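Reader: I would like to learn how to read the features of a multi-chain model, one at a time. Could you take me through such a case, with the general idea before each example?

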Amino acid sequence: MTLQHYLVISAILFTLGIFAVLTRRNAISILMGIELILNSCNLNFAAFSRFMTPADISGQIIAIFGIVLAAAEAAVFLAIILAIYREFGSIRPNEVDTLKG
Amino acid sequence: MEFTLKTFIFYGFALMTVASALLVVTVRNIVHAAFSLMVTLFGVAGLYVFLQADFLAATQVIVYVGGILVLILFGVMMTSGRLEMRIHIERGQLLLGGAVALALFMLLLTVIANTPLWKNRIDDGIALPPTTEKIGKLILNGPFLLPFEVVSVLLLVALIGAALISRKEVRD
Amino acid sequence: MVVPLISLILLCPLAAFAVFGLLGLANRRFPRQDYLSTAAMLIALACSFLLLREVVPEPEAHTVNWVSLGSVTFSMGFYLDSVTAIMLIVVTLVSSLVHIFSMGYMHGDPRYPRFFAYLSLFSFSMLFLVVSDNLLGIYIGWELVGLCSYLLIGFWFEKDSAANACKKAFLTTRVGDVGMFIGMMMLFTKFQTLSLYGEGGIFALAASQLTTGDMVWLSIAGVLIFCGAIGKSAQMPLHTWLPDAMEGPTPVSALIHAATMVAAGVYLTARMFPILTETSSLVIAYVGGITALVAATIAIVRFDIKRVLAYSTISQLGYMMLAIGAGSYVAGLFHLTTHAFFKALLFLGSGSVIHAFHAMHAHGHDDEHAHEHGEDPDTEHVLGSEIPADQDMRNMGGLRHKMPITFITMLIATLSISGVPFIFSGFWSKDAVLAGVLGRAMEWNSVHHYILFIMALSAAGITAFYMFRLIFMTFFGEPRNQEMHDMAHESPLSMTVPLLILAALSLPIVNTLWFNADYVKPPQQPHLHAPTHAQVAPDTKTGGTGFALSLFGVSEAVAAEEDAGHGTQDAHADDGHHGHGPAHTIAMILSICVAGLGILLSWLFYHRRTLSAESVATTFRPVYNLFWHKYYFDEFYDGVLVALTVWKARLFAQFDGTVVDGIVNGVGVVTRDILAAFTGAFDNRVVDGIVNRVAQVTWAVGGRIRRIQTGAIQTYLFVVLAGIVLLILIFRAF
């Protein structure tokens, strides 16, 4: 198992997350895509920490912070989704277009 | 590279992660997607184990699977009726998004393959001691104390903000 | 001594008026304005008497520079010579007496203090005019007396006739004043100064600078300045305002419109004496002569006692003008002086009569309106033609017993003006005028002056006639209106005392105190060339018209006069022109004859009634009508001048309405319909077009561009990512 294995897995997760964010017509699906992206990032941190600086685990701590951020983000995201749902009766992102020009 | 059990298990986790992630972005039922995401998160946690990040793996399972995923499921339940469970996808958007994602993926692969620093970094297989103690010391008694406190405040703010945003409007 | 005295003379009346004016500004009234004004005039009178002795040696001028405009300096100052001194005496004396008289006459008038304030202002203006040493000062005083005349004629402005009369007086005299101003400007243009005396004065410059080629120009200037005198002294043809001016209170008529202000024209002409040329002198003489004759004839047929006196005044002023025009400077001024006194006396006497009747009206018999409207249905409708009942001589008669003092004093004045010989000053002055004219005629062998002499002589006879007509109608015979007669009474002391003083002044002995040949010397007339004799001094004989004679008594008068005439003549003209001696004798004899004839006719017509005035009037109907209608001057002015003015005004109004308005409107139309339309179109099309097009383009572009702003987050993200991919591809390519 080389670093590149992890990086490729991470890249696949990232790409899938991007794909979800771009194509899904449901806010919660988008949130899932974002979680995938964040996971790929955390995986990268852990992998780089393991392979580039084996004695130092700072990369893992950054990953932990990333998880915390993901949790906070998810909480806020869901709160916003709930507010939008109450306001628009829908969480389809293309229907929430008040800022449309 | 010999094909050991460890290697097999790694590939198994990798496959599980990738496949479930693919499911997450492809299935039409959002609940199914959520459960696929759970599998993905478990897979990632497994990969963390392979990277000898045991604390990180545990945190991943606890926070993601136990917290965020439950949160997502609650969100699904609160916002979607039965009809909304199916995720609507447009063909044009699918193609465009897919193209961009694919291009991005190809770029990433190119970078990964062509970066010299990253080449031939092989897992040495040395088992490290459990990282929990080191992490605790680094966070609570080391250079990460300030970021830790900042992140905790951030988390607090996010929680309060989320509660404030999501509650029903008080007409006063 | 001279300057303080003159200053005092000027300041006293001015102060009296200032008290009234300042209190008026403070909205207060000074209840004893009459005493204040009268006291001021008495002080001025005392000062004038003191000045009389100051002046003998040499004329004095005191000048200060007033305004400097560029290279031209206008000065203000006093000029004091014998004429000034005499005029000061005349003005202050008559004014003082009129003040005193007015205390009785105006008693009870609602604007009693104002009357005296106006009198003070008038006195100041007149005195200022008299003492000024330059034309500008004279003009200022000239206009000020005009203003006072206006204010006082219109003093009873509730009466329409008074209000109209004061406007008429003001406007008519203004016609003359314009001529005077033009004349002044002509002199100013030539000499760059308005000062009269001294080195740089007009007279000195005119004597030294002018050549014979300038004579026409100088004649025109002289006649133009004389125009002012025509207006102010009510000469033909601007005399029509003076009879109407009798709408003012009678003391005003006495002071302003008989004794002083109207004499200002004569005074001005006398002041201008040195620059009069042969032509302008002749014009002046003719104007004076015609005025004297015409006004006298009009006076014959008047019934309003004040109008008779008004026309008499015009006639006498004509005499004075004639005298000055004929070169008899001293005679003219002498007649001015004597006339001032006896005409003031006549007016005050008539005022006394009117007061007697008027007081009756005040007691309740308010039949004035009945008389006004009931009488004279054929009276002309010209301004001021209705005769108030208390001034109508047909209501009078037999008053000599009721008002003895008034009767006697007026009789003295009448004898004086009629030229009854020897004991009355009017005889001497009128005789001097006649002699002067005849003397000039014989000297120059001039037909013009013979004609003028005949005119003057006829006027003298007519004067005697109409004056005695007035006396007979007023004081003799039976009362015509018994009711009014019963109410009449002698006037109070404040009115009779001035009458007595003036009557005394009508005796020649008083006038000789200051009027003698040594005291008044006629100025030279360098521009007057006799047709036959060069450089005559024509005044020498009249200058000495023998007033020393009066000192010796009536019987020796003629001889003494002859001596005086010879003496002065010898002193002034060595080669001796012997025309004056016979001229004077002839003039005196003729004047006595015509005066006697006039009085006799008057006695026959109006006292004995041997002859009927009505039958004569019927016989000579056209002549009578001519006199009655005052030679149709008012009709002429109304019908021609006023109509012409109105027609001209209409023409101009039409011009204004069509041409000027047309141009203005045309410009407006052009501006609005062409220029404004063009600029409007430019504004709408081009400017607005640019602005709107910019807005449209912006709008359109914005409309297109805003489509980018889809509001869909995923689109944004897509674009961002695509951009990233492209950027990476680009940078990796290099």
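Author: Let us begin with the interface between two chains, keeping in mind that this is a predicted model. A first way to describe such an interface is to count the residues on each side, and here 57 residues of chain A are in contact with 68 residues of chain B.

Reader: Which elements give two or more residues to the side of chain A that touches chain B?

Author: They are α1 (3-23), α2 (27-52) and α3 (58-88) of chain A. Of these, α3(A) gives the most to the side that touches chain B, with 20 residues.

Reader: How many nonpolar, polar and charged residues are there on the side of chain A that touches chain B?

Author: Sorted by class, that side of chain A has 44 nonpolar residues, together with nine polar and four charged ones. Residue counts are one way to describe a contact; the size of an interface is also often given as the accessible area lost when the parts come together.

Reader: How many residues do chain A and chain C each give to their contact?

Author: That contact takes 10 residues from chain A and 12 residues from chain C. On the side of chain A that touches chain C, five residues are nonpolar, three are polar and two are charged.

Reader: Turning to the packing of helices, at what angle do α1(A) and α2(A) pack, and how far apart are their axes?

Author: For a pair of helices one reads the angle and the distance together: α1(A) and α2(A) pack at about 165°, with their axes 7 Å apart. Angles over 145 degrees count as roughly antiparallel, and therefore α1(A) is roughly antiparallel to α2(A). The crossing in which α1(A) passes α2(A) is left-handed, and the contact between these helices has 18 nonpolar and seven polar residues but no charged residues.

Reader: How should I read the make-up of chain B as a whole?

Author: One can start with the elements and then turn to burial and contacts. Chain B comes to six helices and zero strands, following the pattern α-α-α-α-α-α along the sequence. Of its 172 residues, 28% count as buried, and among the contacts in chain B between residues at least 6 apart in sequence, 54% join residues at least 24 apart.

Reader: Is Leu15(B) buried or exposed, and why?

Author: Leu15(B), which has its place in helix α1 (residues 5-26) of chain B, counts as exposed because it has 12 C-beta neighbours inside 10 Å, and a residue is exposed if that count is 12 or fewer. Leu15(B) and Gly43(B) are 28 residues apart in sequence, while their C-alpha atoms are 8.4 Å apart in space.

Reader: What does the same kind of overview give for chain C?

Author: The secondary structure of chain C comes to 29 helices and two strands, and buried residues make up 50% of its 734 residues. Among contacts in chain C with a separation of 6 or more, 80% are between residues 24 or more positions apart.

Reader: In which sense do strand β1 and strand β2 of chain C pair?

Author: Strand β1 (residues 60-69) and strand β2 (residues 72-80) of chain C pair in the antiparallel sense over nine bridges, and Glu60(C) stands opposite Leu80(C) in β2(C). The two strands form a hairpin with two residues between them, and Gly70(C) in the turn has a positive phi of about 60°.

Reader: Which residues does Leu23(C) touch, not counting those up to four places away in sequence?

Author: Leu23(C), found in helix α1 (residues 2-25) of chain C, touches Arg28(C), Arg29(C) and Phe30(C) on that reckoning. Leu23(C) is partly exposed, with 15 other C-beta atoms within 10 Å.

Conventions:
Residues are numbered from 1 along each chain as its sequence is written. Chains are lettered from A and ligands numbered from 1 in the order in which they are written. This is a predicted model: local features need pLDDT of at least 70, side-chain atom pairs count only at pLDDT 80 or more; totals for chains, interfaces and linings use all residues. Two residues are in contact if their C-beta atoms, placed from the backbone, lie within 7 Å. Helices (H or I, at least four residues) and strands (E, at least two) are DSSP runs, numbered from the N terminus. Ala, Val, Leu, Ile, Met, Phe, Trp, Tyr, Cys and Pro count as nonpolar, Asp, Glu, Lys and Arg as charged, and the others, Gly among them, as polar. A residue is buried if 20 or more other C-beta atoms lie within 10 Å of its own, exposed if 12 or fewer, and partly exposed in between; C-beta atoms are placed from the backbone. Two strands pair if DSSP finds at least two bridges between them. Axes are lines fitted to C-alpha atoms, for helices over the stretch in contact, and angles run from 0 to 180 degrees between N-to-C directions. Angles under 35 degrees count as roughly parallel, over 145 as roughly antiparallel, 65 to 115 as roughly perpendicular and the rest as oblique. A crossing is left-handed if the near helix is turned anticlockwise from the far one by less than a right angle, and right-handed if clockwise.
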